[in-house]
Each structure stands twice: as C-alpha cells, then as structure tokens.
Amino acid sequence: MRNEVIFHESKKYMPGGVNSPVRSYKNTGMTPPIIKSGKGAIIVDEEGKAYVDFVLAWGPMLLGHSDKDVVKAIKETSESAIAFGAPTELELMMAKFLCKNLENIEMVRMVNSGTEATMSAIKLARGYTKKSKIVKFAGCYHGHFDGFLIEAGSGVLTNGIPGSLGVPEESIKNTLIANYNDKESIKEIFNTYGDDIAGVIIEPVAGNMGVIKAEDEFMNLLRELCDEYKALLIFDEVMSGFRVSFEGAQKLFKVKPDLITYAKIMGGGLPCGAYGGKREIMEWLSPVGGVYQAGTMSGNPIVMAAGLATLNKIKNNKEEYYNKIEELGKLLEDGMKEIAKEKSIPLTINRCGGMMTIFFTELENVKKYEDVKTCDEEIFKKYFKHMISRGINIPPSQYEALFLSVAHTEEDINKFLEAFKEFNI
Ligand SMILES: Cc1ncc(COP(=O)(O)O)c(C=O)c1O
C-alpha cells in the first residue's frame, strides 16, 4: 500500500507523479514501485520488496548500485568541494581520461545530461559547417530537445505520440528523418538536401527502439555521404558509451565519427554528460570560437569525482567486467530463447554485450524501426506485470533495453529465467 499512497500523493505535486514520463508505468496498467534503496544488483521499494534490477537507472549503474568506491569518492569530495562554477583539477582529470582512453576524442566539453550533450553537439555541427539541417533516424532518441522530438524512440515511442506539443514548426523544419539501416533512405535525403546538411546523428547501437545494432555497410555509407557533403557524423553514445565495450560502440565499427556524445555511465549515476571530438571542431566552442554553450553546473566536482571513480574502476578491471557481463548476457539470452521455444512464445532477442531487448514478435530478425513495430504490446504488458510481481525489475516498455551490471550474478540470471518459465501468454 505504501507504494500506492506515495505515488497517489506524488501525482498531486508532480505531473503524472514523476519527473520523467516512462517512470510512471502509464502504458502498463500498473503504478510504479517507489524505490527506497539499492545495493549491487538489488533495489528495494518502500514496502520492503526487493527486485533484481535490470533497469540500472536506465543504464548508468554498470558497477551496480551504491558501489563502495563511487560512494567514497562522492563523500570525500563533498567534504571540500560541492560547486564552484570555476575551473577545477577534477574536470581536467575527467577530460584527460576521456581524451586518452577514447578514440576520436581530442577535446571534450562537460554538460549535465544526455539531452544537453546531443543538443550542444548539434549546435556545434551547425556552427562549424554553417549549415542548418540535421538528419536523425526514426526510432532513435537523443533527448527531449525540440529538434529531436520527431519519430523519436524511448518514452515518445512508448506513449505512441508522434512528437511533442509545444514544439513549433520552425524548430523541426530543419530535422530530416531517415530510416535506420536503410541505405536508400539516407541516400535519398542527401540527394535532395545534401548541401544544407550540417550533421547526421545516430545511436550506433540503438537502444531506444529496443536494441538494434547499425549494419557496417550502412555506417560506411553514412561516413561517405558526410564526407562528400561536408556534414559531420555524430555518434550518440549516451547509452552505448562504456556499455557495449569500454570504448563504446565506436569500437564496433571501422567508421570514425566527428563528434561523440556521452552521459549515463560516465557520471557513475550522477547527472552528467559530455561531447567531444576533433580539436579543430571543438575549438569552435566559446570562449575560443563563436558557438555559445554554457552551464552553471557543468563539470561539477562531485559528478566528476563519481564519474572518475566509476571509469577508473571499469578501466582497471575491464577484461574481467566486460567478460562477466557478456557471459551473463549470453546466459540470459540463451535461457530465454530456450524457454520461449518450449512454450511457443514468439520472441526475438537482440543483445549487444550488457544491453538487450526481448522483442515479442514472429520476426526472426529485428533490424529496423518497422520491424520493432510488429511487436505484440499486449504480450509485453502481461510479461512485464508478471516479471515485476516476481521481483524482476525490467523497463516498462517493449521499446527499451534492459541492462546488466558487474554486480549481477548467475543466481540473478537464474531468477529471471525461473520467473519467465512461469509466464504464459
Ligand atoms: C541515446 C540517448 N541519447 C540521449 C539521451 C538523453 O539523455 P538524458 O536523459 O540524460 O537527457 C538518452 C536517454 O536515455 C539516450 O538513450
């Protein structure tokens, strides 16, 4: 009851009772548990019910909840540094970490969220190329910036809305929509608008229409077209960065992006973001160049400390961590497929390391947005309710990814599989 009571009260003071729409469980016919605490792979709600967490704050908690080294960094830093709005050595350490450990990042700018990172990268692309049109792909989500709220994934797709009210025509007239993994669609857009295109933004491993990896040939074509028309190629690695490998999704492709955006894991669970790329482009940012982008909290010391504690820990254990996540992911994927076969439940699983989506569809391959739309949402809803009631916390939408952390164990995966064995469509 306590969950219900708090949620009911929350609705009086916050629209829908939440601060971000997908958390409301609106499309599931349920109300969300109110989460009180988390440790490792387990979160506990206000009624004391424990869940094995496969949402992980929508990706960031690769080390699991309240990792001791991250907590230590937050505590120690906050003793003497909360916010200055002035340069600190901690932000230099984070910038160096990103530039030294990630390919194609020569300089970075820190921001406070994934949305800020992507919208700032777009502004930079426009300033640098002196062109205005941006290409995005249907089903990809790059945050709630006006220019991205068309055919977006994540909560926009979950709630079945074409975009958002409050976005004026002028804000989206320079956004062109192409189809993911569809070479003809992107060629056609460049043939028509090529000279006006400032940049192409893509989730190289999409997570916001469910997990779909871009195909190599498609990515090669994006690079060729961007080069031919002098547009920038922007990888949105807000979700995939440090997730699908230590070096992110860019490691999975030969193609080199011009700009990359990060958030989620890089902040260790605190509000953060960053975008970076070639020095020549980044130096168009103010105060060196004329593209203005700023932030009172950008590079905040506590966020930088939590982020550095997280990233250093991942780096120092990267083989062990990513191998473990891959093994657990495979165990879950194989187990789900076997159970589904036995029970004649139609599903296809896409997985890239520790991010994975179970699509309830008859299709054998889910490679693009149209494929995703064949999913049976009614089965998903039933499955979601079932899993939550069995203490398995998964994203409340067919069009999201579930995540694994280094804190998960084989036992946690077995719990997931045991719960799924009891599910009937
Ligand atoms: C790929 C991608 N880009 C951008 C964003 C927006 O990030 P934020 O929610 O931190 O603004 C998200 C959020 O899930 C995302 O997955």
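## Second largest pocket and the Lys264 site

Twenty-eight residues, given here as 28, line the second largest pocket, and Glu91, Val108, Arg109, Met110 and Ser298 are those nearest its centre. The structure is a predicted model. The space within this second largest pocket amounts to about 600 Å³.

Two elements that each contribute at least two residues to the lining of the second largest pocket are helix 3 (89-101) and strand 4 (107-111). Strand 4 provides the largest share of that lining, with four residues. The composition of the lining by class is tabulated below.

| Class of lining residue, second largest pocket | Number of residues |
|---|---|
| Nonpolar | 16 residues |
| Polar | nine residues |
| Charged | three residues |

A separate topic is the annotated lysine. In an unreviewed entry, UniProt records the feature "modified residue: N6-(pyridoxal phosphate)lysine" at Lys264. Lys264 is located in the loop that connects strand 11 (259-262) with strand 12 (273-277).

Is Lys264 buried, partly exposed or exposed? Its relative accessible area is 22%, and Lys264 is therefore classed as partly exposed, because the buried class requires a value under 20% and the exposed class a value over 50%.

Leaving aside residues up to four places away in sequence, Lys264 is in contact with Trp58, Pro60, Val238, Met239, Gly269 and Cys272. With Trp58 there is also a polar contact: the side chain of Lys264 lies 2.9 Å from the backbone oxygen of Trp58.

Key:
Residues numbered from 1 in each chain as written. Predicted model: local features only at pLDDT ≥ 70, side-chain atom pairs only at ≥ 80, totals over all residues. Heavy atoms only, no water. UniProt positions renumbered as here; feature names shortened; annotations may be inferred. Buried < 20%, exposed > 50% of the residue type's maximum accessible area, 1.4 Å probe, protein only. Contact = heavy atoms within 4.5 Å. Polar contact = N/O pair within 3.5 Å; in protein donor to acceptor, adjacent residues only side chain to side chain. 1 Å grid on protein atoms, 1.4 Å probe; cavity = no way out; pocket = protein on both sides within 12 Å on 5 of 7 lines; lining within 4 Å. Points joined across faces, edges and corners; volume = space filled by probe spheres on them. Nonpolar A, V, L, I, M, F, W, Y, C, P; charged D, E, K, R; others polar.
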